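Open the model in your viewer and get ready to click along. We will begin with the whole chain and then select one part after another.

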Amino acid sequence: KQKAERPEEITAKIKEETFLTHCPLAPLMHGAAQWTVLSQLFLGNRIVLMPGSFDPHTTWGTVEREKVNGMIITGDAVARPLVEALDEKDYDLSSFFVLSSSAAVFSPSVKLRFLELIPSLILLDAHGASEQGMTGMTQITKESLEGASKEQPVLKIAPHPDVIVLDENRKRVEPGSGVVGQLARGGNVPFGYYKDPKKSAEVFIEAEGKRWSVPGDLATVDADGTIAMLGRGSQCINSGGEKIYPEEVEAALKAHDAVFDALVVGVPDERWGQRVAAVVQLREEASLTLQALSQHTRTLVAGYKVPRELHIADQIKRSPSGKPDYPWAEKLAAEGKFKV
């Protein structure tokens with residue numbers, strides 16, 4: 001028989017044996033960072049916060065020094081500089097074993113490079129919204145990336161309980177039907193937006209006798225119940241009746257060696273209604289033509305999704321949390337100031 005331990009001895013032992021250190025790289029104004037900090041503190045784990053502006057080498061130096069076990073990031077705006085910093089300098093990452101991304105596009109090419117540099121890494125791609133909380137996630141493996149089909153969405157998630165997809169008639173989308181609907185979450189969701197009854201009525205709806213939060217993320221449901229995320233409906237491009245989701249095309253653009261960051265928007269077209277325009281930030285000393293970009297993109301997405309315009313910007317404008325500024329990109333593309 002084991003000797004009985006006093007409660008304080010048990011607590012001390014748990015803290016010693018299960019202590020984990022997490023580092024959220026998004027600012028605390030971002031829901032993903034807030035949820036990470038609170039959830040890990042409730043579990044008795046340790047949080048490391050980064051001061052000042054984001055710097056990839058400072059981040060990896062902190063991981064090495066503080067023995068960080070996991071990080072939460074917001075897509076390529078953070079992921080790409082991080083993975084490229086590992087190509088520039090070696091760090092002791094023996095403590096580091098999980099990286100999770102949410103809230104922005106995490107391109108397959110960047111994911112693959114992480115797994116090549118840190119083969120033992122648990123790589124997670126998650127989806128959530130301030131109006132919904134966490135809706136689901138998936139673990140990324142090298143095999144899943146290499147075996148992905150040409151037209152596979154950037155993100156597929158195993159949905160959390162109370163997460164479904166509703167069609168335009170507020171009916172549940174049948175798995176495998178191919179119907180595009182909006183991601184909906186029931187259960188513990190907010191009552192509404194502060195002093196905005198109109199928007200509250202649009203997002204917090206009734207369906208199947210329950211209340212749901214539906215902020216506008218479009219999705220389909222695979223036959224096995226997996227949800228394929230297509231992007232926010234307000235950014236969908238309609239070209240000749242075909243719907244084009246910017247996130248998929250952005251991921252394809254960022255797989256090009258000359259592209260550091262990119263946004264995709266629709267610009268007016270007399271014949272097609274809208275045509276695809278790419279706003280691109282190049283790597284230092286790199287150059288790119290529309291023809292070269294089109295040839296590359298065509299190998300990864302269908303022909304009607306290939307950009308018809310290329311605009312080169314000094315820097316892609318994003319919020320402090322890494323979310324893309326699509327109105328800025330739309331204005332830049334419409335004015336054509338940086339078209340090449």
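**A walk through the model**

Start with everything shown as a cartoon: the protein chain has 10 helices and 18 strands. The radius of gyration is 22 Å, close to the 20 Å that the globule rule gives for 340 residues, so the chain is as compact as a globular protein of that length. Keep in mind that this is a predicted model.

Stay with the full view a little longer. Along its principal axes, the C-alpha trace spans about 80 × 55 × 40 Å. Now switch on the surface: its accessible area comes to about 17900 Å², and 51% of that belongs to carbon and sulfur atoms. Of the 340 residues, 47% count as buried. Contacts also reach along the sequence: among those between residues at least 6 apart, 64% join residues at least 24 apart.

**Stop one: a pair of helices**

Select residues 56–66, helix α3, and residues 76–88, helix α4. At what angle do these two helices pack? The angle is about 75 degrees, and their axes lie 9 Å apart. Angles of 65 to 115 degrees count as roughly perpendicular, so α3 is roughly perpendicular to α4. To see the contact itself, show the side chains of P56, H57, T59 and W60 on α3, then P81, L82, A85, L86 and E88 on α4.

**Stop two: an enclosed strand**

Next, select residues 181–185, strand β9. Here 4 of the 5 residues are buried, so β9 is largely enclosed by the rest of the structure. Add strand β8, residues 163–166, which pairs with β9 in the antiparallel sense over 4 bridges. Look for I164, whose bridge partner in β9 is A184. Then add strand β12, residues 217–221: β9 and β12 pair in the antiparallel sense over 2 bridges. Find Q182 and its bridge partner in β12, L218.

**Stop three: a sheet with a helix on it**

For the last stop, look for the open sheet of 3 strands, in the order β16-β17-β18, with mixed pairing. Its edge strands are β16 (259–269) and β18 (309–312), each pairing on one side only. Turn the view to follow the twist, which averages 25 degrees from one strand to the next. Now select helix α8, residues 246–253, which packs on the sheet and touches β16 and β17. The direction of α8 makes about 140 degrees with that of β16.

Finish with β17, residues 273–282, which runs parallel to β18 and is joined to it by 4 bridges. Zoom in on A278 to find L310 of β18 standing opposite.

Key: Residues numbered from 1 in each chain as written. Predicted model: local features only at pLDDT ≥ 70, side-chain atom pairs only at ≥ 80, totals over all residues. Heavy atoms only, no water. Pairing = 2+ DSSP bridges. Axes fitted to C-alpha atoms, helices over the stretch in contact; angles between N-to-C directions. Contact = heavy atoms within 4.5 Å. Rg over C-alpha atoms; globule rule 2.2 N^0.38 Å. Buried < 20%, exposed > 50% of the residue type's maximum accessible area, 1.4 Å probe, protein only. Areas by Shrake-Rupley, 256 points an atom, 1.4 Å probe, with all protein chains shown as cover. Parallel < 35°, antiparallel > 145°, perpendicular 65-115°, else oblique.
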